[in-house]
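Grab a pencil and work through a few short exercises on the protein shown here. Try each task before you read its solution.

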Amino acid sequence: MPSSGEGDHRFVAGDRVLVVANPATRSDARSIVRLLEREAPEGIRLDVCWTEGPRQARQLAERHLAGAAAVIAVGGDGTVSEVAGALVGTEIPLGVVPGGSTNIVAREAGVPSRHHAAVQLLFSSHRVRSIDVGICNDHAFLHMAGAGFDSRMFTLADPRLKRKVGWPAYLPAAMRALRDPAEHYVIDADGDTFEVWSPLVLVANGASIVDPRIRLLPDIRNDDGWLDLIVVTATRPTELARVIGRVATLQLHRSPFVRRMRARAITLQARRPVPVELDGDVVTGTPARFGVLPRAVRLICAV
């Protein structure tokens with residue numbers, strides 16, 4: 001295994017691989033684990049841990065990490081990011097078998113959505129790539145954090161519908177969240193402080209939403225040591241419609257209702273508590289302090 005950074009990687013006989021699986025994910029996690037056990041090459045030892053409630057993945061990974069050649073997260077983006085938080089400061093690679101509603105972290109890494117293909121990627125030759133890890137109030141995220149419209153959307157989404165249909169389950173919740181008024185924020189980005197009324201504040205480590213082809217901005221990278229702050233300033237329905245149109249046509253960077261900054265430390269405060277989502281899970285709220293750990297996790301990717 002490469003000692004750090006990027007490089008080719010393959011498991012070898014004698015490796016111990018820790019699997020952290022979320023049984024509450026949209027896909028049948030138990031079937032995925034059986035597939036991993038069936039496809040694991042001879043001499044590879046799999047140790048499987050199951051979460052029993054929300055936000056246990058990081059603690060399980062930390063508890064059983066010693067001696068692992070890699071950790072495989074079975075679940076959605078929230079589970080993957082929790083496991084990633086346990087791997088910060090180690091050189092242990094993180095593998096993913098996607099089982100959630102959007103699986104954007106895995107898809108941006110080229111990991112197939114089909115479970116059998118994702119497992120084949122893990123147990124054949126693949127690459128390991130170092131990526132940045134975002135931190136918000138001591139919680140890790142790999143792709144995107146948000147306050148306002150999107151965090152309310154994730155809160156309102158029906159869990160049963162998510163398990164049944166995947167990301168389209170967010171559409172009814174999005175229509176409800178769009179009716180909420182803008183919030184007043186005080187934002188500090190690397191010492192630059194400003195106030196704004198906004199329906200949506202994003203702190204991005206990755207570029208896309210829902211699908212890797214729908215990129216918010218063309219130059220966001222998850223390995224550059226920066227967080228990208230995106231503040232929507234539209235407050236009227238017609239303005240919001242124009243912003244949504246810019247997203248749909250991949251022209252958000254041309255919108256007059258979007259303010260974008262790059263920073264390594266961001267503080268977000270609101271007049272009233274606002275929930276904050278991290279990679280699709282609402283796990284914290286304002287006041288929120290964000291930071292970035294450059295190239296802190298080694299992610300297994302497609303060759």
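Below are four exercises on this predicted model, each with a worked solution.

**Exercise 1: the whole protein**

Work out how many helices and strands the protein has, and how its radius of gyration fits its length.

Step 1. Go through the secondary structure and you get nine helices and 19 strands.

Step 2. The radius of gyration is 19 Å, and the globule rule gives 19 Å for 303 residues, so the protein is as compact as a globular protein of that length.

Step 3. Along the principal axes, the C-alpha atoms fill a box of roughly 60 × 40 × 35 Å.

Step 4. Now look at the inside: 55% of the 303 residues are buried. Take the contacts between residues at least 6 apart in sequence, and 74% of them join residues at least 24 apart.

**Exercise 2: around Trp 226**

Find where Trp 226 lies, decide how accessible it is, and say what it touches.

Step 1. Trp 226 is in the loop between β13 (211-215) and β14 (227-232).

Step 2. Its relative accessibility is 25%, so Trp 226 counts as partly exposed; the buried class stops under 20%.

Step 3. Skip the neighbours within four places in sequence, and the contacts of Trp 226 are Asp 132, Asp 190, Asn 205, Arg 262, Ala 263 and Arg 264.

Step 4. Pick out two of those partners. Arg 262 is 36 residues away in sequence, yet its C-alpha is 6.3 Å from that of Trp 226. Arg 264 lies over the face of Trp 226, 3.7 Å from the ring centre.

Step 5. For another arginine over a ring, go to Arg 259: its charged end sits over Phe 194, 3.8 Å from the ring's centre.

**Exercise 3: an aromatic pair**

Describe how the rings of Phe 141 and Phe 290 are arranged, and which strands they come from.

Step 1. A search of the whole structure turns up two aromatic pairs. In the one formed by Phe 141 and Phe 290, the centres are 6.3 Å apart and the planes make an angle of 85 degrees.

Step 2. Planes over 60 degrees apart count as edge-to-face, and that is the label for this pair.

Step 3. Phe 141 belongs to strand β7 (residues 139-141) and Phe 290 to strand β19 (residues 288-301), so the pair links parts of the chain 149 residues apart.

Step 4. Phe 141 is buried at 0% relative accessible area, and Phe 290 is buried at 6%.

**Exercise 4: what covers helix α5**

List the buried residues of helix α5 and name elements that cover them.

Step 1. In α5 (residues 115-123), the buried residues are Ala 117, Ala 118, Val 119, Leu 121, Leu 122 and Phe 123.

Step 2. Their cover includes helix α1 (29-39) and strands β3, β4, β5, β6 and β19.

Methods. Residues numbered from 1 in each chain as written. Predicted model: local features only at pLDDT ≥ 70, side-chain atom pairs only at ≥ 80, totals over all residues. Heavy atoms only, no water. Helix = DSSP H or I, 4+ residues; strand = E, 2+ residues; numbered from the N terminus. Buried < 20%, exposed > 50% of the residue type's maximum accessible area, 1.4 Å probe, protein only. Contact = heavy atoms within 4.5 Å. Phe/Tyr/Trp six-rings, centres within 6.5 Å; stacked < 30°, edge-to-face > 60°. Lys NZ or Arg CZ within 6 Å of the ring centre and 35° of its normal. Rg over C-alpha atoms; globule rule 2.2 N^0.38 Å.
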